[in-house]
Amino acid sequence: MSARMQGYNFAYLDEQTKRMIRRALLKAVAIPGHQVPFGSREMPLPYGWGTGGIQVTASVLGANDVLKVIDQGADDTTNAVSIRRFFARTAGVATTTHTDAATVIQTRHRIPEKQLREDQIIVYQVPQPEPLFRLEPSRAETRRMHGLSDYGLMHVKLYEDIARFGQVSISYDYPVMVNHRYLMSPSPIPSFDNPKMHMMPALQLFGAGREKRIYAIPPYTDVRSLDFDDHPFRATRAPHACGLCGATDSYLDEVVTDDRGGRLFVCSDTDHCTERRETGCVGAEGVPEAAE
Amino acid sequence: MNDESLLSARGLSLHFGAIPALVDVDVDLWPGEVLAIVGESGSGKTTLLNVLSGRMAADAGVVWYRDPAGRLVDVHAMPAPALRTLHRSDWGFVHQNPRDNLRMAVSAGGNVGERLMAQGARHYANIRAEAMRWLEEVEIDADRIDDLPRTFSGGMLQRLQIARTLVTHPRLVFMDEPTGGLDVSVQARLLDLIRSLVARFSIAVVLVTHDIAVARLLAQRIVVMQRGRVVETGLTDQVLDDPQHPYTQLLVSSVLQA
């Protein structure tokens with residue numbers, strides 16, 4: 001790891017800002033799923049690139065933490081690499097790509113395939129914290145609906161989907177009920193990942209920088225995806241095996257390989273895929289580890 | 001106060017600045033009864049409706065409602081969640097403009113089903129069956145269930161709004177000029193529908209209208225308002241056939257005879 005940059009406070013944010021964010025986090029943990037406003041700061045990256053997540057990570061990061069950052073499950077995409085390097089330079093913390101080794105995981109759009117542990121914190125980057133925003137334009141009204149636990153409108157959306165498409169057509173950012181009380185947006189993770197939030201041993205923190213909201217799910221909290229009795233929640237997954245490691249139980253990305261319709265389905269969680277290949281698993285289009 | 005009344009208001013007063021919107025208004029409504037509130041524009045009819053339904057607070061006075069368990073509750077002292085639950089289940093509100101109540105981007109079936117889902121119905125097939133039954137009840141073709149309200153005519157929209165309101169079998173419905181803005185033949189059909197539904201499900205209705213004919217057709221009792229005051233009240237036929245107050249006499253005599 002490179003030495004910490006001079007002239008910046010530990011983890012970039014000043015201590016008063018971190019204190020303010022931690023107070024919001026404490027409140028968020030105390031009321032699972034409730035959106036707590038906070039004074040979001042300008043960060044050295046554009047809105048939509050994870051300004052909320054990066055502020056939450058900066059506030060919970062300690063000198064001994066090991067940080068992993070993923071973007072759509074991958075450790076090697078621009079956003080993930082940049083944020084990982086940002087904290088390596090401003091906080092001097094150790095970074096890793098291994099889910100096992102990390103104590104803090106900042107994520108955009110995925111939850112790692114590997115089951116998280118009690119000593120880990122997962123920080124989600126959230127573009128839009130309000131699950132009702134497409135249905136009810138007024139924020140005053142949505143706040144009232146949260147206050148009164150009045151969520152019939154969300155079911156109207158599910159009803160409309162079933163009436164029109166025969167099934168619920170939400171494939172990501174699938175709304176959940178947290179602790180039987182608050183309707184919550186799980187951030188744009190695929191609905192495939194929704195069941196992982198239920199009774200997760202790790203602490204889950206959500207930061208929305210542009211919208212200036214923080215919310216959280218404490219460990220071992222009930223998280224249910226909304227559904228109808230006769231149309232139960234169903235996680236969607238491409239019906240293929242990973243081309244590189246052969247996994248049939250992980251979430252897959254579709255990669256276009258040429259301009260003649262060629263495509264490859266691979267695990268979106270790169271760490272999961274690498275680990276499987278190291279143990280000798282090979283998919284249809286993969287090459288055995290030893291040959292590389 | 002009468003023991004059986006469903007809704008009772010005593011001494012309601014409300015001023016908008018110097019304008020008296022309500023002055024010491026008393027109203028009683030019995031179960032299954034249709035009460036018409038008539039008067040000219042600006043006489044405080046709609047304000048009275050809003051205050052009775054708890055949507056607007058009065059300066060003075062109290063509104064009592066008898067809940068299904070027989071307890072009297074003060075509508076304006078209720079906590080907000082309880083009032084909202086009441087509005088979503090036991091009460092209904094039919095607006096003059098159906099677009100104020102309907103969700104225009106949601107299909108007819110979703111509009112009718114919303115109140116059921118807000119009450120906790122979580123079985124898709126049952127919700128859909130109930131929505132379809134209510135569309136038929138208000139004479140909308142069942143195969144329009146997945147159409148958006150914006151493809152509906154004005155009369156159909158109003159009927160859809162009524163289906164959406166009645167789906168939870170409310171005991172009390174507030175109607176604000178339900179036939180306003182519709183042409184005469186559509187009005188007649190809608191009035192007929194309201195009258196038969198109200199009688200079949202014995203729903204109590206507070207009906208605001210400026211149209212004496214609507215009041216005569218639907219209402220058993222009538223309240224005549226002028227400048228925020230109740231000037232005359234009684235059985236509809238009695239008041240309209242033998243008006244006592246000068247303003248009521250003016251109102252009745254000003255109806256054009258076709």
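In the predicted model, Pro127(A) counts as partly exposed, because its relative accessibility is 35%, a value that lies between the 20% limit for buried residues and the 50% limit for exposed ones. Pro127(A) belongs to the loop that runs between strand 5 (121-125) and helix 4 (139-147) of chain A. When residues up to four places away in sequence are not counted, Pro127(A) touches Pro188(A), Arg210(A) and Glu211(A). Arg23(A) is 104 residues from Pro127(A) along the chain, and the C-alpha atoms of the two are separated by 21 Å.

Two further loop residues of chain A have a positive phi although neither is glycine. For Ser187(A), phi is near 65°, a positive value in a residue other than glycine. Ser187(A) is placed in the loop between strand 7 (182-184) and helix 6 (194-197) of chain A. The relative accessibility of Ser187(A) is 1%, so this residue counts as buried. For Lys212(A), phi is near 60°, again positive in a residue other than glycine. The loop that holds Lys212(A) connects strand 8 (203-208) and strand 9 (213-217) of chain A. Lys212(A) has a relative accessibility of 35% and therefore counts as partly exposed.Strand residues of chain A were examined next. Thr107(A) is found in strand 4 (residues 104-108) of chain A. With a relative accessible area of 1%, Thr107(A) is buried. Apart from residues up to four places away in sequence, Thr107(A) touches Ile70(A), Ile122(A), Val123(A), Tyr124(A) and Gln125(A). The C-alpha atom of Thr107(A) is separated by 9.5 Å from that of Ile189(A), which is 82 residues away along the chain. Val66(A) has its place in strand 2 (residues 66-71) of chain A. The relative accessibility of Val66(A) is 19%, so Val66(A) counts as buried, the limit for this class being under 20%. Contacts of Val66(A), with neighbours within four places in sequence left aside, are made with Ala94(A), Thr95(A), Thr96(A), Ala101(A), Ala102(A), Thr103(A) and Val104(A). Between the C-alpha atoms of Val66(A) and Val29(A), 37 residues apart along the chain, the separation is 22 Å.

Helix 2 (residues 51-60) of chain A is largely enclosed by the rest of the structure, because nine of its 10 residues are buried. The buried residues of this helix are Thr51(A), Gly52(A), Gly53(A), Ile54(A), Gln55(A), Val56(A), Thr57(A), Ala58(A) and Ser59(A).

Chain B is divided into domain 1 (7-90 + 170-257) and domain 2 (100-169). The contact between these domains takes 17 residues from domain 1 of chain B and 16 residues from domain 2 of chain B. Taken over C-alpha atoms, the centres of domain 1 and domain 2 of chain B are separated by 25 Å.

The largest nonpolar core holds 66 residues, and the members that touch the most others are Phe228(A), Val112(B), Leu160(B) and Ile162(B). Domain 1 (7-90 + 170-257) and domain 2 (100-169) of chain B each contribute at least three residues to this core. For Leu160(B), the residues touched, not counting those up to four places away in sequence, are Leu102(B), Ala108(B), Val112(B), Leu135(B), Ile140(B), Pro149(B) and Phe152(B). Val112(B) is thus both a contact of Leu160(B) and one of the core members that touch the most other members.

The second largest pocket contains about 280 Å³ of space. Its lining comprises 18 residues, of which Leu148(A), Ser149(A), Asp150(A), Tyr151(A) and Ala118(B) are the closest to the pocket centre. By class, eight of the lining residues are nonpolar, six are polar and four are charged. At least two lining residues each are supplied by helix 5 (152-165) of chain A and by helix 2 (80-88) and helix 3 (108-118) of chain B. Helix 2 of chain B gives the most to this lining, with four residues. The second largest pocket lies between domain 1 (7-90 + 170-257) and domain 2 (100-169) of chain B, because both domains give residues to its lining.

How values were computed:
Residues are numbered from 1 along each chain as its sequence is written. Chains are lettered from A and ligands numbered from 1 in the order in which they are written. This is a predicted model: local features need pLDDT of at least 70, side-chain atom pairs count only at pLDDT 80 or more; totals for chains, interfaces and linings use all residues. Side-chain values use heavy atoms; hydrogens and water are left out. A nonpolar core is a set of buried Ala, Val, Leu, Ile, Met, Phe, Trp, Tyr and Cys residues joined through side-chain atoms within 4.5 Å. Buried means under 20% relative accessible area, exposed over 50%, partly exposed in between (1.4 Å probe, protein chains only). Domain bounds come from an automatic or database domain assignment. Contact means heavy atoms within 4.5 Å. On a 1 Å grid over the protein atoms alone, a cavity is a set of points where a 1.4 Å probe fits but cannot get out, and a pocket is an open set with protein on both sides within 12 Å along at least five of seven lines; lining residues have an atom within 4 Å of a point. Grid points are joined across faces, edges and corners, and a volume is the space filled by probe spheres set on the points. Ala, Val, Leu, Ile, Met, Phe, Trp, Tyr, Cys and Pro count as nonpolar, Asp, Glu, Lys and Arg as charged, and the others, Gly among them, as polar.
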